[in-house]
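Open the model in your viewer and keep the selection tool handy. We will walk through it one stop at a time.

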Amino acid sequence: GGGDVLMQKKRDLLQLKKTLQAKNFFDLDNMTLQAVEAEIAKLQTKQAKEQAQSTTKRGGGYPSEDKAKMSVPGDDWEAVPISKKHGKVLDDQKQVKTFKALDSSRAFGQRNLLQGLNLYHHVIDSALESKITASVHAAVAQGKRGQLAGETYMSNGKERCARLQYGSGFYNYSDHRLDPKVKIEAMPDYLKPLLDVLQQEGILDRAKMPNTAVVNIYDTGEWMPPHIDSKDFARPIVTFCLSGDAEYFFGDRGGRVQLNGPGRMQGHPVTLPRRSLLVLDDDIVANEVEHGVSPATAPRISITFRRRV
(Lines give C-alpha, C1' and ligand atoms only; values in the text may rest on other atoms or scores of the structure.)
Protein backbone atom coordinates (compact mmCIF):
# COMPACT_ATOMS: atom_id res chain seq x y z
CA GLY A 1 0.00 0.00 0.00
CA GLY A 2 2.13 2.86 1.37
CA GLY A 3 5.26 1.53 -0.34
CA ASP A 4 3.54 1.63 -3.74
CA VAL A 5 2.50 5.25 -3.20
CA LEU A 6 6.06 6.18 -2.15
CA MET A 7 7.52 4.44 -5.23
CA GLN A 8 5.08 6.27 -7.52
CA LYS A 9 5.91 9.62 -5.88
CA LYS A 10 9.63 8.94 -6.34
CA ARG A 11 9.01 8.26 -10.03
CA ASP A 12 6.98 11.50 -10.24
CA LEU A 13 9.87 13.40 -8.64
CA LEU A 14 12.43 11.98 -11.10
CA GLN A 15 10.12 12.71 -14.05
CA LEU A 16 9.73 16.32 -12.88
CA LYS A 17 13.50 16.65 -12.41
CA LYS A 18 14.04 15.34 -15.95
CA THR A 19 11.39 17.66 -17.44
CA LEU A 20 12.89 20.73 -15.74
CA GLN A 21 16.47 19.58 -16.38
CA ALA A 22 17.03 20.31 -12.68
CA LYS A 23 20.46 19.64 -11.12
CA ASN A 24 19.09 18.64 -7.68
CA PHE A 25 20.41 15.45 -6.06
CA PHE A 26 17.85 13.34 -4.19
CA ASP A 27 18.81 10.60 -1.72
CA LEU A 28 15.75 8.54 -2.74
CA ASP A 29 16.62 5.46 -0.66
CA ASN A 30 16.37 7.44 2.58
CA MET A 31 13.50 9.83 1.74
CA THR A 32 10.10 9.61 3.42
CA LEU A 33 6.83 10.15 1.53
CA GLN A 34 6.53 13.63 3.10
CA ALA A 35 10.08 14.56 2.01
CA VAL A 36 9.44 13.39 -1.56
CA GLU A 37 6.14 15.33 -1.73
CA ALA A 38 7.88 18.45 -0.39
CA GLU A 39 10.54 18.25 -3.14
CA ILE A 40 7.84 17.70 -5.80
CA ALA A 41 6.04 20.82 -4.54
CA LYS A 42 9.30 22.85 -4.78
CA LEU A 43 9.93 21.71 -8.37
CA GLN A 44 6.28 22.36 -9.34
CA THR A 45 6.61 25.92 -8.02
CA LYS A 46 9.80 26.33 -10.07
CA GLN A 47 8.01 24.91 -13.13
CA ALA A 48 5.07 27.33 -12.70
CA LYS A 49 7.48 30.29 -12.43
CA GLU A 50 9.36 29.19 -15.56
CA GLN A 51 6.09 28.80 -17.48
CA ALA A 52 4.89 32.22 -16.35
CA GLN A 53 8.20 33.81 -17.41
CA SER A 54 8.06 32.11 -20.82
CA THR A 55 4.81 33.81 -21.81
CA THR A 56 4.97 36.65 -24.27
CA LYS A 57 2.55 39.47 -25.03
CA ARG A 58 2.63 38.62 -28.73
CA GLY A 59 -0.03 36.18 -29.92
CA GLY A 60 -2.43 36.63 -27.03
CA GLY A 61 0.08 35.88 -24.29
CA TYR A 62 0.70 32.23 -25.12
CA PRO A 63 4.19 30.80 -24.65
CA SER A 64 6.00 31.03 -27.97
CA GLU A 65 7.23 27.84 -29.61
CA ASP A 66 10.91 28.48 -28.92
CA LYS A 67 10.51 29.66 -25.32
CA ALA A 68 8.08 26.96 -24.14
CA LYS A 69 10.18 23.88 -23.41
CA MET A 70 8.24 20.92 -24.70
CA SER A 71 7.96 18.27 -21.99
CA VAL A 72 9.95 15.19 -22.93
CA PRO A 73 8.41 11.81 -22.12
CA GLY A 74 10.35 9.96 -19.44
CA ASP A 75 11.06 6.27 -18.97
CA ASP A 76 7.50 5.72 -17.73
CA TRP A 77 6.07 6.44 -21.20
CA GLU A 78 5.56 3.62 -23.69
CA ALA A 79 5.24 3.68 -27.47
CA VAL A 80 1.64 3.43 -28.65
CA PRO A 81 1.36 -0.04 -30.19
CA ILE A 82 1.00 0.06 -33.98
CA SER A 83 -1.70 -2.64 -33.64
CA LYS A 84 -4.02 0.07 -32.24
CA LYS A 85 -3.76 2.13 -35.41
CA HIS A 86 -6.49 2.08 -38.01
CA GLY A 87 -4.37 3.94 -40.58
CA LYS A 88 -1.03 3.04 -42.14
CA VAL A 89 1.32 4.81 -39.75
CA LEU A 90 4.91 4.08 -40.68
CA ASP A 91 6.86 6.71 -38.76
CA ASP A 92 5.10 7.31 -35.49
CA GLN A 93 6.89 8.33 -32.30
CA LYS A 94 3.79 8.96 -30.19
CA GLN A 95 3.96 7.69 -26.64
CA VAL A 96 1.35 6.94 -24.02
CA LYS A 97 1.52 7.03 -20.24
CA THR A 98 -0.66 5.08 -17.80
CA PHE A 99 -0.99 5.77 -14.08
CA LYS A 100 -1.36 4.04 -10.76
CA ALA A 101 -2.48 5.46 -7.40
CA LEU A 102 -4.11 3.98 -4.31
CA ASP A 103 -6.73 5.71 -2.16
CA SER A 104 -5.20 7.15 1.01
CA SER A 105 -8.43 6.53 2.96
CA ARG A 106 -8.40 2.87 1.84
CA ALA A 107 -12.03 3.31 0.71
CA PHE A 108 -11.15 1.61 -2.58
CA GLY A 109 -8.91 -1.07 -1.06
CA GLN A 110 -6.10 -2.04 -3.46
CA ARG A 111 -7.93 -0.83 -6.60
CA ASN A 112 -5.97 1.50 -8.87
CA LEU A 113 -7.81 4.85 -8.72
CA LEU A 114 -6.31 5.89 -12.06
CA GLN A 115 -7.26 2.72 -13.93
CA GLY A 116 -8.43 3.85 -17.37
CA LEU A 117 -6.38 7.07 -17.46
CA ASN A 118 -4.16 7.38 -20.55
CA LEU A 119 -2.05 10.37 -21.55
CA TYR A 120 -0.86 10.59 -25.18
CA HIS A 121 2.16 12.80 -25.78
CA HIS A 122 2.42 15.28 -28.66
CA VAL A 123 -0.61 14.14 -30.68
CA ILE A 124 -0.75 17.24 -32.93
CA ASP A 125 1.92 19.47 -34.45
CA SER A 126 2.47 23.18 -33.85
CA ALA A 127 0.89 24.16 -37.20
CA LEU A 128 -2.46 22.51 -36.35
CA GLU A 129 -2.27 23.88 -32.80
CA SER A 130 -1.81 27.44 -34.13
CA LYS A 131 -4.66 27.03 -36.62
CA ILE A 132 -7.11 25.75 -33.99
CA THR A 133 -6.05 28.39 -31.45
CA ALA A 134 -6.71 31.13 -34.01
CA SER A 135 -10.14 29.63 -34.80
CA VAL A 136 -11.01 29.50 -31.09
CA HIS A 137 -10.17 33.19 -30.65
CA ALA A 138 -12.20 34.06 -33.76
CA ALA A 139 -15.17 32.15 -32.30
CA VAL A 140 -14.78 33.93 -28.94
CA ALA A 141 -14.84 37.28 -30.78
CA GLN A 142 -18.07 36.18 -32.52
CA GLY A 143 -19.52 35.13 -29.19
CA LYS A 144 -18.72 38.48 -27.61
CA ARG A 145 -20.56 40.16 -30.50
CA GLY A 146 -23.60 37.95 -29.93
CA GLN A 147 -23.18 36.16 -33.28
CA LEU A 148 -23.30 32.57 -31.94
CA ALA A 149 -26.53 30.70 -31.21
CA GLY A 150 -27.99 30.43 -27.72
CA GLU A 151 -25.47 29.58 -25.01
CA THR A 152 -22.63 28.54 -27.35
CA TYR A 153 -20.37 31.21 -25.84
CA MET A 154 -20.07 31.89 -22.13
CA SER A 155 -17.77 34.67 -20.93
CA ASN A 156 -15.38 34.16 -18.03
CA GLY A 157 -16.43 34.91 -14.45
CA LYS A 158 -14.78 34.93 -11.04
CA GLU A 159 -11.84 32.53 -11.54
CA ARG A 160 -13.95 30.71 -14.16
CA CYS A 161 -12.70 30.43 -17.73
CA ALA A 162 -14.56 31.51 -20.87
CA ARG A 163 -16.19 28.62 -22.73
CA LEU A 164 -17.51 27.54 -26.14
CA GLN A 165 -19.91 24.58 -26.45
CA TYR A 166 -20.87 22.75 -29.61
CA GLY A 167 -22.84 19.73 -30.75
CA SER A 168 -25.84 17.77 -29.57
CA GLY A 169 -26.08 18.79 -25.92
CA PHE A 170 -25.32 21.74 -23.65
CA TYR A 171 -23.32 20.74 -20.57
CA ASN A 172 -24.35 22.66 -17.46
CA TYR A 173 -21.13 23.04 -15.46
CA SER A 174 -22.85 24.36 -12.34
CA ASP A 175 -24.33 20.94 -11.59
CA HIS A 176 -22.52 18.78 -14.20
CA ARG A 177 -25.51 17.56 -16.15
CA LEU A 178 -26.73 17.59 -19.72
CA ASP A 179 -29.37 20.20 -20.60
CA PRO A 180 -30.57 19.35 -24.14
CA LYS A 181 -33.13 22.21 -24.21
CA VAL A 182 -30.38 24.86 -24.32
CA LYS A 183 -29.47 25.86 -27.88
CA ILE A 184 -25.83 25.72 -29.04
CA GLU A 185 -24.05 25.68 -32.43
CA ALA A 186 -23.33 22.46 -34.33
CA MET A 187 -19.81 20.96 -34.24
CA PRO A 188 -17.62 23.42 -36.20
CA ASP A 189 -15.25 22.50 -39.02
CA TYR A 190 -12.20 23.79 -37.15
CA LEU A 191 -12.52 20.95 -34.60
CA LYS A 192 -12.83 18.17 -37.23
CA PRO A 193 -9.02 17.63 -37.53
CA LEU A 194 -8.96 16.70 -33.83
CA LEU A 195 -11.74 14.16 -34.38
CA ASP A 196 -9.61 12.75 -37.23
CA VAL A 197 -6.68 12.38 -34.80
CA LEU A 198 -8.87 10.36 -32.40
CA GLN A 199 -9.78 7.96 -35.19
CA GLN A 200 -6.34 7.73 -36.81
CA GLU A 201 -4.64 7.03 -33.48
CA GLY A 202 -7.09 4.21 -32.74
CA ILE A 203 -8.29 5.99 -29.58
CA LEU A 204 -11.92 5.96 -30.70
CA ASP A 205 -13.56 3.96 -33.46
CA ARG A 206 -15.82 5.53 -36.06
CA ALA A 207 -19.02 4.20 -34.44
CA LYS A 208 -18.25 5.93 -31.13
CA MET A 209 -17.05 9.34 -32.29
CA PRO A 210 -17.96 12.31 -30.02
CA ASN A 211 -20.97 14.47 -30.84
CA THR A 212 -20.34 17.28 -28.34
CA ALA A 213 -17.35 19.53 -27.68
CA VAL A 214 -16.45 22.00 -24.93
CA VAL A 215 -13.64 24.50 -25.52
CA ASN A 216 -12.32 26.02 -22.29
CA ILE A 217 -10.27 29.20 -22.74
CA TYR A 218 -8.21 29.62 -19.57
CA ASP A 219 -6.60 32.89 -18.59
CA THR A 220 -3.94 33.05 -15.86
CA GLY A 221 -5.43 32.10 -12.48
CA GLU A 222 -8.59 30.46 -13.85
CA TRP A 223 -9.36 26.88 -12.80
CA MET A 224 -12.04 24.17 -12.71
CA PRO A 225 -13.44 22.71 -9.47
CA PRO A 226 -13.32 18.94 -8.82
CA HIS A 227 -16.13 16.93 -10.44
CA ILE A 228 -17.10 13.63 -12.06
CA ASP A 229 -18.46 13.94 -15.59
CA SER A 230 -22.18 13.25 -16.02
CA LYS A 231 -23.26 9.71 -16.95
CA ASP A 232 -25.34 11.38 -19.70
CA PHE A 233 -22.13 11.02 -21.71
CA ALA A 234 -20.56 7.76 -22.82
CA ARG A 235 -16.97 6.96 -21.97
CA PRO A 236 -14.22 7.53 -23.01
CA ILE A 237 -14.02 11.29 -22.47
CA VAL A 238 -11.06 12.92 -24.20
CA THR A 239 -9.31 16.29 -23.70
CA PHE A 240 -6.70 17.98 -25.89
CA CYS A 241 -4.36 20.44 -24.15
CA LEU A 242 -3.22 23.39 -26.32
CA SER A 243 -0.91 26.42 -25.93
CA GLY A 244 0.59 25.37 -22.58
CA ASP A 245 0.82 22.61 -19.96
CA ALA A 246 -2.08 21.89 -17.57
CA GLU A 247 -2.10 20.37 -14.11
CA TYR A 248 -4.99 18.11 -13.13
CA PHE A 249 -5.69 16.65 -9.69
CA PHE A 250 -7.44 13.29 -9.26
CA GLY A 251 -9.16 12.34 -6.00
CA ASP A 252 -7.04 10.20 -3.70
CA ARG A 253 -9.17 10.25 -0.55
CA GLY A 254 -12.40 8.33 -1.01
CA GLY A 255 -12.02 9.25 -4.68
CA ARG A 256 -12.41 12.92 -3.75
CA VAL A 257 -10.10 15.87 -4.42
CA GLN A 258 -9.56 17.99 -1.29
CA LEU A 259 -10.19 21.70 -1.89
CA ASN A 260 -8.27 23.92 0.54
CA GLY A 261 -9.56 27.30 -0.66
CA PRO A 262 -10.24 28.49 -4.24
CA GLY A 263 -8.11 26.56 -6.73
CA ARG A 264 -5.98 24.95 -4.01
CA MET A 265 -6.40 21.25 -4.65
CA GLN A 266 -4.95 18.21 -3.00
CA GLY A 267 -4.96 14.84 -4.71
CA HIS A 268 -2.91 12.88 -7.23
CA PRO A 269 -1.34 15.41 -9.65
CA VAL A 270 -1.13 14.67 -13.38
CA THR A 271 0.57 17.14 -15.74
CA LEU A 272 -0.75 17.36 -19.30
CA PRO A 273 2.05 18.56 -21.58
CA ARG A 274 1.21 21.04 -24.32
CA ARG A 275 -0.33 19.31 -27.40
CA SER A 276 -1.06 16.14 -25.42
CA LEU A 277 -4.33 14.21 -25.16
CA LEU A 278 -5.89 12.90 -21.93
CA VAL A 279 -8.26 9.93 -22.23
CA LEU A 280 -10.62 8.83 -19.44
CA ASP A 281 -11.78 5.33 -20.35
CA ASP A 282 -14.92 3.63 -19.03
CA ASP A 283 -13.32 2.61 -15.76
CA ILE A 284 -12.90 3.73 -12.14
CA VAL A 285 -11.08 6.98 -13.09
CA ALA A 286 -14.01 8.31 -15.19
CA ASN A 287 -16.88 7.00 -13.07
CA GLU A 288 -15.85 7.06 -9.41
CA VAL A 289 -12.94 9.49 -9.04
CA GLU A 290 -13.16 13.29 -9.09
CA HIS A 291 -10.80 15.42 -11.16
CA GLY A 292 -10.18 19.16 -11.09
CA VAL A 293 -7.92 21.57 -12.98
CA SER A 294 -5.38 23.79 -11.17
CA PRO A 295 -5.28 27.57 -11.76
CA ALA A 296 -3.60 28.25 -15.11
CA THR A 297 -0.08 29.67 -14.82
CA ALA A 298 -0.44 31.20 -18.32
CA PRO A 299 -3.23 31.43 -20.94
CA ARG A 300 -4.08 28.07 -22.53
CA ILE A 301 -6.94 26.15 -24.15
CA SER A 302 -8.46 22.74 -23.47
CA ILE A 303 -10.89 20.99 -25.83
CA THR A 304 -13.00 18.15 -24.40
CA PHE A 305 -14.99 15.81 -26.62
CA ARG A 306 -17.83 13.65 -25.31
CA ARG A 307 -20.49 11.45 -26.85
CA ARG A 308 -24.04 12.07 -25.69
CA VAL A 309 -25.68 8.70 -24.93
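How many residues does H3 have, and how far does H3 reach from its first C-alpha to its last? This is a predicted model, and in it H3 has 19 residues and reaches 27 Å, close to the 27 Å expected at 1.5 Å a residue. To find this helix, select 126-144.

Next, color the buried residues of H3: Leu128, Glu129, Ile132, Thr133, Val136, Ala139, Val140 and Gly143. Now look down the axis of H3: these buried residues fall within an arc of 130 degrees, so they line one face of the helix. On the other side of H3, you will find Ala127 and Lys131 exposed.

What covers the buried residues of H3? Show strand E4 (153-154), along with E5, H4, E8, E10 and E17, which are among the covering elements. Just after the helix, stop at glycine 146, where phi is positive, near 75 degrees.

Now for the interior. Select Leu164, Leu191, Leu198, Val215 and Phe305: these have the most contacts inside the largest nonpolar core, a set of 35 residues. Elements giving two or more residues to this core include strand E5 (162-167), helix H4 (192-200) and strand E17 (300-308). H3 gives the most, with five residues.

Zoom in on leucine 164 and show its surroundings. Leaving aside residues up to four places away in sequence, leucine 164 touches Val136, Ala139 and Val140, and also Tyr190 and Val215, among others.

For the last stop, select Phe108, Tyr173, Leu178 and Met224, which are included in a second, separate core of 29 residues.

Definitions and conventions: Residues are numbered from 1 along each chain as its sequence is written. This is a predicted model: local features need pLDDT of at least 70, side-chain atom pairs count only at pLDDT 80 or more; totals for chains, interfaces and linings use all residues. Side-chain values use heavy atoms; hydrogens and water are left out. A nonpolar core is a set of buried Ala, Val, Leu, Ile, Met, Phe, Trp, Tyr and Cys residues joined through side-chain atoms within 4.5 Å. Buried means under 20% relative accessible area, exposed over 50%, partly exposed in between (1.4 Å probe, protein chains only). Helices (H or I, at least four residues) and strands (E, at least two) are DSSP runs, numbered from the N terminus. Contact means heavy atoms within 4.5 Å. The expected span of a helix is 1.5 Å times one less than its number of residues. The arc is that of the directions from the helix axis to the C-beta atoms.
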